[in-house]
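These are my notebook entries on a set of look-ups in one structure. I kept each entry short and grouped the entries by topic.

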Amino acid sequence: MAMSPYATPMERAWHVGLRLICAAVLLFLIAPIIVIMPLSFNSESYFTYPMPGLSLQWYKEFFTNPRWIDSVVMSIEVAVAVTIIATTLGILASLGLSRLAMRGKAAIIALLLMPMIVPVIISAVGMYFFYVSLGILSITWAPVGLILAHTCLAAPFVVISVTATLSGFDHSLMRAGASLGAPPMTVFFKVVMPLILPGVISGALFAFVTSFDEVVVAVFLASPEQRTLPKQMFNGIRENINPTITAAATLLILVSVALLTSLELLRRRQERLRGIRA
Amino acid sequence: MTAIAENFGLDIAERDALKRRLRAVERGRRLRALALVLPLFLFILVSFVIPIGELLRNAVFDPSIRANMPQTVTALAAWDGKDLPDEAAFAALAADLAAANKAKTIALIGKRLNYELSGIRSKILVSGRKAAQLTQGPYKEAMIGIDKIWGERETWAVLKRAGATYTSFYVLDALDLGLDADGALTPTPAERAIYVTVFMRTLNISLTVTVATLLLGFPLAYLLATLPTRTSNLLMILVLLPFWTSLLVRTTAWFVLLQDNGTINDMLQALHLTSEPLPLIFSRFGTVVAMTHIQLPFTLLPIYSVMKTISPSYVRAGRSLGAGPFYAFWRIYFPLTVPGIAAGCLLTFILSLGYYITPALVGGPTDQMVSGIIERAMNSENNWGKASALGGILLFATLILYFIYNRLVGIDKIRLG
C-alpha cells in the first residue's frame, strides 16, 4: 500500500498514523513474551529490570526439582495419549462428514465442535460430577479422567483442520483406487492419507498443544499427585511466585515457536503443491 | 421418464429395480459415512454431553433432606402451609433429628438448610442433640422450646420445599431470587444478592474486552491486509506467536509486567509519569488488559480474512467518482468488513464469558467472573448445587450465542491461524 504521490497532507498524516498505531498494537502483542524470557536468566529471585546478573539457576531448578520434571513428564504422557485418540477419532469423523449429505449434518458438526465453545469450567465441573460417579477419578495407575476430558477438548481442532484439507479433496481418487483393486484400508493409507497429511499433522499439533497447555480441567480432574506442568505453574503463581515459573514459561514459548514453525512449513508445502497442480 | 427408459431398452420393472438398487447403494454409502462419524460422536456424547447433563441435573436435584429426614418429609406431604404443622410433623421432626444426630448426618441437614436460612446450621445441630433426649410428646411445645425457629412457618416452608427431590432453590438463588413462606417469588435481600452483580460484571468485562480487541485489531488487520504479502506474513508472525503461546504463560507474563515493582510501573516511574506505583495488578484494569491481549488474535484473524477478499478497485471506483479518502473508506470499505467484525467480535465475546484463569491470577477480589465464582463454590464451599446452577445459566447464555454464531459464520469456518 504505497502512498500515492498526490496524497493530501491529511492522507499522509493518516498513512503515518496508521503505522504508528499498528506498531503500538504489535508491541502490545509481543511485549509480554519478550519481557518474560530474559527474566528467566536473572541471578536474583525477583522480576524487575535491570537484572543484577545472569544465571541459569532457574533452569537448573526446573530440570533437577522432581516436582517440575515429573509435571513435564505427566503433561507429555497425557498429551501424547490425547493426541493419538483425538487424531484417530477426528480423522474418521472428518472423513465421514465429508461424505455425508443429509439433513442434520450441521447439527452433528455443531455438537462435535461444542467443547471448543462451552466454557472450560462448565465442562470441567460436569466431567468431575460424572467421572466421580463412574469411579474413573479413583483410578490411580493413569490419569484416565484427564485424558478423556482433554480428548474432548482437543478433538474439535482435529476435525476442523482435517475437514479443511478434505474440502479440496477429490473423492473420485478413492473410487479410482478401489477400481484398481485396492482394499479400503490400502486406499486410505496409500491415496487418502498422503493427501490429507498436512491437515492431519496440524490437527495433531493442535490436539497436543490443547492438552499440553490446559489448566482448568487439570485442576479439577487430576488428583493431587497428578500434576501437569500448567497445573504446577498455576499453583506456583497463586501460592508463591518463584522465577522457576519464568524458566518454565520460556520453555513453553519455545514449544509454541516450534509449533508455529511447523505449521508455517506445512502451509508453504501445501501452497507449493497446489501451485504444481494448478 | 418412461420415454427415456424405453430409449435405453428398459421396461418399467427393470427401471424400478435399478432405482431400488441405486437407493440401496446410496443408503449404504450414507450408513458407512455415519459409521465413520459415530466413534467421535459417541465419545463426545459420553464424555462431554452426559457430564454437562449431569451438571444441569445437579442444578435442580438435591435429595439430601429427603434422604436424611424421611419421616418429616412424609409428615409434611399433607401440610397446607397455612399454619404451623400438626403434632405428627413435630414428632417426625424430633425423631428424624434424633436419628440424624445418631447417624452423624445432621451436619448435611444443617448445611442444606443453611443455604436458605442463613445461621440455622448451629441451631439444627443443637436441636438434634436435644431432640435425642426427648422421650415422649407433646413434641410441638418441646421442639419450639428447644429453639423458636421451629415455631416459625418459614422454617417449615423451607423444609417442605427442600424435602422434594428436585428443587428450584439453586437456580433461583443464582438469579438472586427466592421463595417466601407462601411460595411466592421474592428478590433476595440486598446484602446477600451478589450473583446478578457477578453476571453483569462478566458481561461488562466481556464487552469491554470485545470492544478493546476490535479497536486494536481493526487497524492492524487493515494494515496486514493491504501490505505486500512478504511484509504482512512477517508481521503476522508477531500476531500468531502470542496466539499459540499458552494462555497460562501469557497470564504469567502479564502478572510479572503489571506488578507494583513490575516492568510497567518501573518505566512509568523512570519517566516521572507517576511517583507511586499504580495499582495495575489485582484490578479490573489488569484483567481487561491481559484478556484483551489473549483475545486480540481471535478478533483480528476473521477481520483480516474478510479484508483479504475485498478488492481495492471498489474503493478506487468510489474515489474516481469523487469520494474523499475517508468517505470512501467509511462508505465502501468499512461496510464490506462488517461480516468479519461480527464473526471476530462474537467469538471473542463468547470466549470471554468463560474466562477463569486470567481473572483469578491478575484480577482483584471484586473482578471475579462467573467461572471464578463456580470454582469457589466447587472447591471452597463444596456447594455442588450452586456451582451447577451458575454453570447452567452461563451455559445457557453461551449456547444462545453459539447458535447465533453458527448461523452467522458457521463454527467449522473458524480460523486456527
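**Entry 1: Residues with positive phi**

I located K104(B) in the loop between α5 (87–103) and α6 of chain B. The model is a predicted one, and I read every value below as computed from it. For K104(B) I noted a positive phi of about 60°, although the residue is not a glycine. I looked this up because most residues other than glycine have a negative phi. K104(B) has a relative accessibility of 70%, so I recorded it as exposed.

I made a second entry of this kind for N382(B), which is not a glycine and has a positive phi of about 55°. I found N382(B) in the loop between α19 (370–379) and α20 of chain B. Its relative accessible area is 43%, so I entered N382(B) as partly exposed.

**Entry 2: Salt bridges**

How many salt bridges are there over all chains? I noted a count of 8. The background to this search is that side chains of opposite charge can pair when their charged atoms come close.

I began with E116(B), whose side chain meets that of R112(B) in a salt bridge at 3.1 Å, N to O. The two residues are about one helical turn apart, because they lie 4 residues from each other in helix α6 (residues 106–116) of chain B. Is R112(B) buried or exposed? I recorded R112(B) as buried, because its relative accessibility is 2% and the cut-off for buried is under 20%. E116(B) is also buried, at a relative accessible area of 15%.

I then found that E116(B) forms a salt bridge with R161(B), where the closest N and O atoms are 3.9 Å apart. This pair links distant parts of the chain, since E116(B) is in helix α6 and R161(B) is in helix α9 (residues 153–163) of chain B, 45 residues apart. R161(B) has a relative accessible area of 24%, so I entered it as partly exposed.

I looked next at E381(B) and K386(B), which form a salt bridge with the closest N and O atoms 2.7 Å apart. I noted E381(B) as partly exposed at 32% relative accessibility, whereas K386(B) is buried with a relative accessible area of 12%. Which residues are joined into one network by salt bridges that share partners? I listed D62(B), R112(B), E116(B) and R161(B).

**Entry 3: Surface patches on chain B**

I found a patch of positive charge on the surface, where K19(B), R20(B), R23(B), R27(B) and R30(B) gather. From this patch I picked R27(B), which is found in helix α2 (residues 12–58) of chain B. R27(B) counts as exposed because its relative accessibility is 52% and the cut-off for exposed is over 50%.

I also entered a nonpolar surface patch of about 520 Å², made by F396(B), I400(B), F403(B), I404(B) and L408(B). Of these I checked I404(B), which I placed in helix α20 (residues 384–408) of chain B. At 37% relative accessibility, I404(B) counts as partly exposed.

**Entry 4: UniProt annotations for chain B**

I looked up the UniProt record, an unreviewed entry, and found that it places the feature "domain: ABC transmembrane type-1" at residues 199–405 of chain B. In the model I noted that this span is 80% helix and 0% strand, with its end C-alpha atoms 21 Å apart.

The UniProt entry, unreviewed, also gives the annotation "transmembrane region" for several spans of chain B, including residues 205–227 and 387–405. I checked residues 205–227 of chain B and noted 96% helix and 0% strand, with the end C-alpha atoms 33 Å apart. For residues 387–405 of chain B I noted 100% helix and 0% strand, and the end C-alpha atoms are 26 Å apart.

**Entry 5: Separations in chain A**

I turned to chain A and placed V132(A) in helix α6 (residues 120–134) of that chain. I entered V132(A) as partly exposed, at a relative accessible area of 38%. The C-alpha atoms of V132(A) and G145(A) are separated by 9.3 Å, and the two residues are 13 residues apart along the chain.

I placed E61(A) in helix α2 (residues 57–64) of chain A. E61(A) is partly exposed, with 29% relative accessibility. How far is E61(A) from C152(A) in space? I noted 34 Å, C-alpha to C-alpha, for two residues that are 91 residues apart in sequence.

Definitions and conventions
Residues are numbered from 1 along each chain as its sequence is written. Chains are lettered from A and ligands numbered from 1 in the order in which they are written. Side-chain values use heavy atoms; hydrogens and water are left out. Patches are made of residues with over 30% relative accessible area and no salt bridge: like charges are joined within 9 Å, nonpolar side chains (Val, Leu, Ile, Met, Phe, Trp, Tyr) within 5 Å. Accessible areas come from the Shrake-Rupley method with a 1.4 Å probe; for residues, only the protein chains shown count as cover. A salt bridge is a side-chain nitrogen of Lys or Arg within 4 Å of a carboxyl oxygen of Asp or Glu. Lys and Arg count as positive and Asp and Glu as negative; His and the chain ends are not counted. The place of a charge is taken as NZ of Lys, CZ of Arg, CG of Asp or CD of Glu. Buried means under 20% relative accessible area, exposed over 50%, partly exposed in between (1.4 Å probe, protein chains only). UniProt positions are given in the numbering used here, feature names are shortened, and annotations may be inferred rather than shown by experiment.
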